[in-house]
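Me: I am new to this structure and would like to go through its side chains step by step. Could we take it as a series of questions, each with a reasoned reply?

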Amino acid sequence: MTTVRTPEDWPATEEQARAVQDELRERVILDEPGPPPGTGHVTGVDVAYDDERDVVAAAAVVLDASSLGVVAEATAVGRVSFPYVPGLLAFREVPTVLAALDALPCPPGLVVCDGYGLAHPRRFGLASHLGVLTGLPTIGVAKNPFTFAYDDPDTPRGSTSALLAGSEEVGRALRTRDGVKPVFVSVGHRVTLANACAHTLALTPEYRLPETTRRADALCRKALRETYSA
């Protein structure tokens, strides 16, 4: 497990954080297809918080994209690096998530975030933030649609509908199980939306949420428990 310090130049105010978002958002790449589903590595990242101690634990779990077997995993624990502000949540998590990714012994391949990319009020959620900082292809797969509108997809697995901010498609509602509530997929960096949905289906052979998210969620919770178990 890696212990993380907040970078000295990390934003301290909402104004500073929004300025960083504005700068980094210009670097998002939307015209690359991304890796084909079922090939190479795919990595899930997730975080767990201990609000009383102001601590966040991050996990990165690398899966073989074809078998979904675990290839490698890493965790990091640090102080929460920014106050809770809607639309700026990535600033609470990014240093610790980056540390977990850096601790991996192999290339992560596509990174799947439990959250948002372009489906974000400022079009720059955690998936986009991580993608720009690392240069890796990233997608966001969220449990809810945030503030955006969508029509319920058809019942069969694989059905989609547009996730809309007015008339702008910022992601898709994707049915990963027949008749089960959809997940909400958005592009982070260097992946098309269609490919992001294809990856999400490849990662959900049994459950609503991707295996990347399920495994990273369990691992970061375990890391948080073990931090204070001694």
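Me: Is Phe146 buried, partly exposed or exposed?
Reply: This is a predicted model in which local features need pLDDT of at least 70, side-chain atom pairs count only at pLDDT 80 or more, and totals for chains, interfaces and linings use all residues. Residues are numbered from 1 along each chain as its sequence is written, and side-chain values use heavy atoms, with hydrogens and water left out. Buried means under 20% relative accessible area, exposed means over 50%, and partly exposed lies in between (1.4 Å probe, protein chains only). Because Phe146 has a relative accessibility of 35%, its class is partly exposed.

Me: How many aromatic pairs does a search of the whole structure find?
Reply: Rings of Phe, Tyr and Trp (its six-membered ring) pair if their centres lie within 6.5 Å, and planes under 30 degrees apart count as stacked, over 60 as edge-to-face and the rest as tilted. Searching the whole structure by this rule gives a count of five.

Me: Which residue forms a stacked aromatic pair with Phe146?
Reply: The two rings lie 5.0 Å apart, centre to centre, with 20 degrees between the planes of Phe146 and Tyr116. The pair links distant parts of the chain, 30 residues apart, with Phe146 in the loop between β6 (138-142) and β7 (160-165) and its partner in the loop between β5 (110-113) and α3 (126-134); helices (H or I, at least four residues) and strands (E, at least two) are DSSP runs, numbered from the N terminus. The partner is buried, at a relative accessible area of 16%, and is Tyr116.

Me: Why is the pair of Phe146 and Phe148 given its class?
Reply: Phe148 is buried, at 10% relative accessibility. The ring centres of Phe146 and Phe148 are 6.3 Å apart and the planes stand at 75 degrees, so the class is edge-to-face.

Me: Which element supplies the largest share of the largest nonpolar core?
Reply: A nonpolar core is a set of buried Ala, Val, Leu, Ile, Met, Phe, Trp, Tyr and Cys residues joined through side-chain atoms within 4.5 Å. The largest one has 32 residues, of which Val45, Val97, Leu101, Cys113 and Leu130 touch the most other members. Elements that each supply at least two residues include β2 (41-50), β3 (55-64) and α2 (90-102). The largest share, eight residues, comes from α2.

Me: How many disulfides are there, and how far is the nearest cysteine sulfur from that of Cys113?
Reply: A disulfide is a pair of cysteine sulfur atoms within 2.5 Å, and by this rule the count is zero. Cys113 is buried, at 0% relative accessibility. Cys197 is also without a bond, because its sulfur is 15 Å from the closest cysteine sulfur, in Cys113, which is too far. For Cys113, the nearest cysteine sulfur is that of Cys220, at a distance of 12 Å.

Me: Which residues are in contact with Thr213, leaving aside its neighbours within four places in sequence?
Reply: Thr213 lies in helix α5 (residues 211-227) and is buried, at 3% relative accessibility. Contact means heavy atoms within 4.5 Å. With neighbours within four places in sequence left aside, the contacts of Thr213 are Asp46, Val112 and Asp114.
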